[in-house]
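User: Please take a close look at one part of this model for me, the nonpolar core and what surrounds it. I would like one connected account that I can follow residue by residue.

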Amino acid sequence: MINLAEYVGLGTITLEADSRLNDKDLIHVGDMEFIIIHTPGHTQGGICLYSEKEKLLFSGDTIFRDAWGRTDLPTSSFTDIIKSITEKIMVLPEDVIIYPGHRKIYNGKRMSHWGRFLVEQSH
């Protein structure tokens, strides 16, 4: 397991996962079902949680409103985060509501307009 606690001066923290989540796994929270979308980039093991029925995505630090997560940390990759956004997030329906790890929520329609710019900038 990757732990960046020492990177930010917190010393060594040892944690053990109860279970591992893989791409396309399903998890349930109450009556809601989420699909795990593996989105490396901000971190090597980054994921998003997508509820097709509820039309929502928890994106963590992969994507924000008009920005993407940091890629200057150990295990992060600019190439991977752009690929995750363009190939896994931008293909979701435009009416999906995106809940990023920071800042304001927004919808997929806004992302699709910004995404074209993102794709152009990444080449």
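Analyst: A convenient place to enter this predicted model is Leu92, which, once its neighbours within four places in sequence are left aside, is in contact with Tyr50 and Leu57. Leu92, Tyr50 and Leu57 are among the 12 residues of the largest nonpolar core, whose other members are Ile37, Cys48, Ile63, Ile81, Ile82, Ile85, Ile89, Val96 and Ile98. Two elements, strand β3 and helix α1 (78-89), give two or more residues each to this core, and α1 gives the most, with 4 residues. As a general background, nonpolar side chains in soluble globular proteins tend to be buried together.

The core can also be approached from the strands. Ile37, one of the core residues, stands opposite Cys48 in β3, and this pair belongs to the region where β2 and β3 (residues 47-51) run antiparallel, paired over 4 bridges. On its other pairing, β2 (residues 32-38) meets β1 (residues 26-29), again in the antiparallel sense and over 4 bridges, with Leu26 having Ile35 as its bridge partner in β2. The hairpin formed by β1 and β2 leaves 2 residues between the strands, and Gly30 in that turn has a positive phi of about 60°.

A polar residue also touches several members of the core. Thr62 is found in the loop between β4 (56-60) and β5 (63-64), and it counts as buried because its relative accessible area is 4%, under the 20% cut-off. Apart from neighbours within four places in sequence, Thr62 is in contact with Cys48, Ile81, Ile85 and Ile89, and also with Thr39, Trp68 and Gly69. With Thr39 there is, in addition, a polar contact between the two side chains, at 3.1 Å.

Aromatic rings deserve a separate mention: the whole structure holds 3 aromatic pairs, and ring pairs link Phe34, Phe58 and Tyr99 into a cluster.

Finally, two loop residues merit attention for their backbone. Most residues other than glycine have a negative phi, yet Lys55, in the loop between β3 and β4, has a positive phi near 60°, and Thr75, in the loop between β6 (67-68) and α1, has a positive phi near 75°. Neither is classed as buried: Lys55 is partly exposed, with a relative accessible area of 40%, and Thr75 is likewise partly exposed, with a value of 34%.

Note on methods. Residues numbered from 1 in each chain as written. Predicted model: local features only at pLDDT ≥ 70, side-chain atom pairs only at ≥ 80, totals over all residues. Heavy atoms only, no water. Buried < 20%, exposed > 50% of the residue type's maximum accessible area, 1.4 Å probe, protein only. Polar contact = N/O pair within 3.5 Å; in protein donor to acceptor, adjacent residues only side chain to side chain. Contact = heavy atoms within 4.5 Å. Pairing = 2+ DSSP bridges. Phe/Tyr/Trp six-rings, centres within 6.5 Å; stacked < 30°, edge-to-face > 60°. Core = buried A, V, L, I, M, F, W, Y, C linked by side-chain atoms within 4.5 Å.
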